[in-house]
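Hi,

Here is the structure I said I'd pass on. Have a look at it first, and my notes on what turned up follow underneath.

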Amino acid sequence: MTAAGPVGAKRIVGYGDEISVLPGQTIAFHVSCEPPVDSYEATIVRMHSGDPRAGAVGLRHTPVLPVGVFPGHTRTTVAGSYGVAPAGDALDQEVLTPAVLALPTLAAGRRQVLLAAEKAAEKSAGEAGEKAGGASVTLLLDELLRPAVHVDGRQVVRGETPLTVSRWHVLVAVVDRRAGRVRLAYGAADSAERTTAEAPLDPASPGPAGGTGPGAGGAWTVVFGAELGGGTAPRHPFTGRLERPLLAREPGMARAEELLLGDRAVLRDAGDLIAAWDFAEDISSWDIRDAGPSALHGTLHNLPQRAVRGTHWQRGTTDWRQAPDEYAAVHFLADAIEDCRWPVDFTVTVPPGTPSGFYAARLSSGQDEEFVPFFVRPAATSRRASVLLVAPTATYGAYGNSRFWWESPIQEAVQDRLVELGPEEQYLLTHSELGLSSYDCHLDGTDVCYVSRLRPNLNMRPGHVRAEGYTCDLYLVDWLEHEGYEFDVVTDEDVHREGADLLARYPVVLTGTHPEYMSARIFDAFDGYTLGGGRLLYLGGNGFFMNVNFDPRRPWVMENRRVDLWERDEETQRAESYNSTDGLRGGRLGAIGRSAMAAVGVESATMGFDRSYPIVRDDRSRTPAAEFVFAGVDSEVIGDYGALGGGAIGQEWDNAAGHVPAPGHVVLGSSRDHSLVPPLFGASKPDYHGDVVLLFKGAGCVFSAGSMAWCGALSHNGYRNDISTITRNVIDRFLDPEAFAGVAANG
């Protein structure tokens, strides 16, 4: 069971079209307000801290730019993935044959469109600005998964036998306006049996060009996995897989099925073919290619899943790059969302000279308040700080709008308390259209493999009830400012684009508290930075762990195939583990040769949110190489306090257990005597204590706190505590360009 929090649901939410900007660049903000909020004030603020709980550092920010007062509008978001291919006048045919291979994965209890050819009639002068009715041919499933053909918005024929969930089917229809008949044939793709149905076409139907004959009227559009109905938002979206949708002139049923099931080569020479979209082409993109003679290429929208098994999959194949023909399907999802497509409410140009840091658009109306975070990275011409903080936006994206932690019954055991729902969670309960996190599943149980930041990310908010991620990273921001460090901020998406060269501008680099997700390029940048002499403080836990990728054409989209860890069946784990966007295997970075142990000296151990634990100093920490870490620290037990569970090792943490000590690897201390919670959930190692480590890499060095709770201890006792002292000692020594001496191995 769950317990609601003491505050009500949010009534203002928003998102920006950029997350990392330079001074002088512009961000557009999109906002939705729930009644009775009819206006709000927007102010750009610099964020200093983000935990308003009693005894914590508070929620503090400084206004830097008043923007204005704006009217509040309630915005609508329409989910559902689909594809669109403009077709011009190519479908001005008296006989039109749509056909497709379809595998439904959800009995949705409503209409689901597989393929729609739509044509809006030409607008007359008196119809300017309005949609005029036109022609359409739609192949769909009804609420019981029975195939049907609609012509010009009316059902003409429907089969009586429903399709079977999770089984591939052949569907072929012939719409013959000349003869006034519509025929339908369908059946399992692995069977020769077909169900057929036939019905007369209503003579009142307007015909292929709005009643004026071929060649007149507006242009055709072909829509896959939904229909548009003359609008711009998907209607009646399909949940399941489609392969090789095609449109032919007037072949018989058998010929259409031959085109569907035959070798791809048959498409190139088919004279009766208008268009056939081959999803085996350009799998790494959102483009869909017409292999037929008309070149009616299209585009996918709202994040359907690519690189998924089709009808020709051979069970021994695991990598789509080696056999794209076997992955010639697209998985459409009725609850997927890429872009909320809300109108722009206001824009902000970041003033020249704005210091780098954590910022947000604060939207307020009476007691209602919303923060839309973004980051200002340093301008190339600005004076550069000596310390760089890399905000883990990949992890923010992976957890964005997550529901799993309140929906999964094991969560209360992991936390040893009732799950609390804050205002963001209460908003998500009534606004599922804002999309899911990488930890959730779509309506049909499919893992969420793509997430987008063109929507409100309600986990990425200061004061979030779980005090993780963004809120926890503000503990570090608060401490750096309190200690007087000048620091610049970039995001890991910036590192993905610019690589180790971006990090190399700084003698000291800090991670956030949970850099769990990163692309191979980000991992290589961090590793290359330290191997090249850079000094890194890894101040989080469960980091350098999971491989993601940012889409090169749509950089707001991140792909995250959580293989190895999530509730996928064994066959899916094996066969659909490779990213569509870059071809690398998803899941653990170690599976693609990126070792967290080699990069930062620890690797993910386990998690437990019931409480956090102190560190017991290790005798090996007294080696000459490590003495600087503990200057001014007398206690043997360190970090038995903190805002996150009352200790410095907690939530999710790392260790070096199971590895032979390497030269330059010094264990400084370890946690002990954890509760029984960690083995229940997420334990990836049998020895699940936490280790704090110093790793020397030639001239470079890494300090690994190895715990998400470390930064939550920095402000304890007015910032006068051992965790604060150790962190300050390490940064100060890392800023000293003097080479490290007396490096010793664990022994």
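Let's begin with a small open sheet in this predicted model: it has three strands in the order β28-β35-β34, and the pairing is antiparallel. The edges are β28 (450-452) and β34 (549-550), each of which pairs on one side only. Between β34 and β35 (residues 557-559) there are two bridges, in the antiparallel sense. If you want a spot to click on, F550 has M558 in β35 as its bridge partner.

Another antiparallel pair is β37 (residues 603-613) with β40, joined over six bridges. One of the bridge partnerships there is S604 with D654 in β40. Strand β40 (residues 649-655) is mostly covered, with seven of its seven residues buried.

On to the nonpolar cores. The largest has 63 residues, and F358, L510, L694, F703, W710 and F734 make the most contacts inside it. Helix α7 (residues 470-483) supplies the largest share of this core, eight residues. There is also a second, separate core of 55 residues, with L428, F544, A596 and A599 among them.

Then the charged pairs. Searching the whole structure gives 42 salt bridges. The one I'd look at is K10 with E370, where N and O are 2.9 Å apart. This pair links distant parts of the chain: K10 sits in the loop between β1 (2-4) and β2 (12-16), while E370 belongs to strand β25 (residues 368-376), 360 residues away. Both K10 and E370 are buried.

For a contrast in setting, try R158 and E160, whose closest N and O atoms are 3.1 Å apart in their salt bridge. Is E160 buried or exposed? E160 counts as exposed because its relative accessibility is 51%, and the cut-off for that class is over 50%. R158, at 28% relative accessibility, is partly exposed.

R362 and E369 form a salt bridge too, with 2.6 Å between the closest N and O atoms. Here R362 is partly exposed at a relative accessible area of 24%, and E369 is also classed as partly exposed, at 31% relative accessibility.

Last item: a salt-bridge network that links R241, R309, R315, E571 and E576.

Shout if anything looks odd when you open it.

Cheers

Notes. Residues are numbered from 1 along each chain as its sequence is written. This is a predicted model: local features need pLDDT of at least 70, side-chain atom pairs count only at pLDDT 80 or more; totals for chains, interfaces and linings use all residues. Side-chain values use heavy atoms; hydrogens and water are left out. A nonpolar core is a set of buried Ala, Val, Leu, Ile, Met, Phe, Trp, Tyr and Cys residues joined through side-chain atoms within 4.5 Å. Buried means under 20% relative accessible area, exposed over 50%, partly exposed in between (1.4 Å probe, protein chains only). Helices (H or I, at least four residues) and strands (E, at least two) are DSSP runs, numbered from the N terminus. Two strands pair if DSSP finds at least two bridges between them. A salt bridge is a side-chain nitrogen of Lys or Arg within 4 Å of a carboxyl oxygen of Asp or Glu.
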